[in-house]
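Colleague: I am new to reading protein models, and I would love a close look at one part of this one. Please take me through it slowly and explain the terms as you go.

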Amino acid sequence: MLNRPIGLLIALGLVLLLVWSRLGGGSTEVARTALIMGTLVEIKAVGGDEKDLEGAINDAFSAMRQVERQFSSHLPESEISRLNQTDAALEVSPPVFKLLQQGEEIRKASAGAFSMALGGVKKLWAIEEESPHIPTTEELAVILPPLNQPAVRFEGERVRRSSARVKLDLGGIAKGFAVDRALEILRGAGIVSASVNAGGDIGLIGGHGERAWRIGIQHPRRQGELLATIDIRDRAIVTSGDYERYFERDGVRYHHIFDPANGRPATACQSVSVLAPEAALADALATAVFVLGPKKGLQLLERFSNVGGVIVDSKGNIEATKEIKDHLLWR
Ligand code: ADP
Ligand code: MG
């Protein structure tokens, strides 16, 4: 028989062990990957029952695939492709309507630097395909949509391309939106700690256990090295860079973020990371700031609340907003 004080101590020890295993050391973490929107997507979810986490992650992947089916300009049946195939106004689903509206707002705020009308330009360059092409000024001149024109017009609940030159391409915002949808599903399943990473478009729920999530920002010119890390909770951080989807010819790097003013790869930046409450907003702003460059880019970010960013310009100079500096650790 144990004497009472020792018995009590053991009981207390067991309780502490249980608390510890719930909060930290023993917390379940499930991580899964899937190929969606041509990107390797990783979802991590922490806490609770493994089977529940797995089920929620699978549902989140399904929601992201649904976004791909609605927004892809490669799938002929998607709502975006249907809009591209006609000059008429079409009824679209609420998410498509909403994202087109948000894209238009960011186009206006960025003086046209963010453009959902560059599908034709993207196709001509074929940057991500086997044989990319450097178009001539003449080739670009006949397909480039006017700079200060919306991509679409809203007519009641319907949407119409603003001109035949507009080939809608939501590649600069849809991935972020898919991340937001995944987070919504995970939150709906009661998950309080998760990360969704779609090739650099990252959305977070809560922290990582007791701590904040620590996110690495890739150095745009030193492969495998980090520029900085950032500690955040409940936020999205999205990076647009010229170092992942590009080709080189005669020493020139041609990448996939185009300047809507001339239809050529934007030259002002090497990478832009944007921190925002939602991934769709962060995604579109990262693309817009990449085109605008550091000076106008910082001005754009300052117009949004709870938004910050890190900009590496074409010479490698780094600028960061006040908002993001508090969360950054330089490497
Ligand atoms: P990633 O897709 O690598 O995360 P971005 O979010 O910057 O990078 O998106 C780049 C994609 O956005 C391009 O592949 C193209 O589909 C589209 N895009 C290119 N230039 C622009 C632009 N100026 N405005 C909006 N979207 C653009
Ligand atoms: Mg983007």
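Modeller: Happy to! Helices and strands here are DSSP runs, numbered from the N terminus: a helix is a run of H or I with at least four residues, and a strand is a run of E with at least two. This is a predicted model, in which local features need pLDDT of at least 70, side-chain atom pairs count only at pLDDT 80 or more, and totals for chains, interfaces and linings use all residues. Residues are numbered from 1 along each chain as its sequence is written, chains are lettered from A and ligands numbered from 1 in the order in which they are written, and side-chain values use heavy atoms, leaving out hydrogens and water.

Let's look at helix 8, which covers residues 279-292. The expected span of a helix is 1.5 Å times one less than its number of residues. For the 14 residues of helix 8 that gives 20 Å, and its end C-alpha atoms are 20 Å apart, so the two agree. Right after helix 8 comes Gly293, with a positive phi near 90°.

Now, how covered is helix 8? Of its 14 residues, 13 are buried (under 20% relative accessible area; exposed is over 50%, and partly exposed lies in between, with a 1.4 Å probe and protein chains only).

One residue to follow next is Ser240, in strand 10 (residues 236-241). Ser240 is buried too, with a relative accessible area of 8%. Contact means heavy atoms within 4.5 Å. Leaving aside residues up to four places away in sequence, Ser240 touches Ala286, Thr287 and Phe290, among others. Its contacts also include Ile257, Gln270, Ser271 and Val272.
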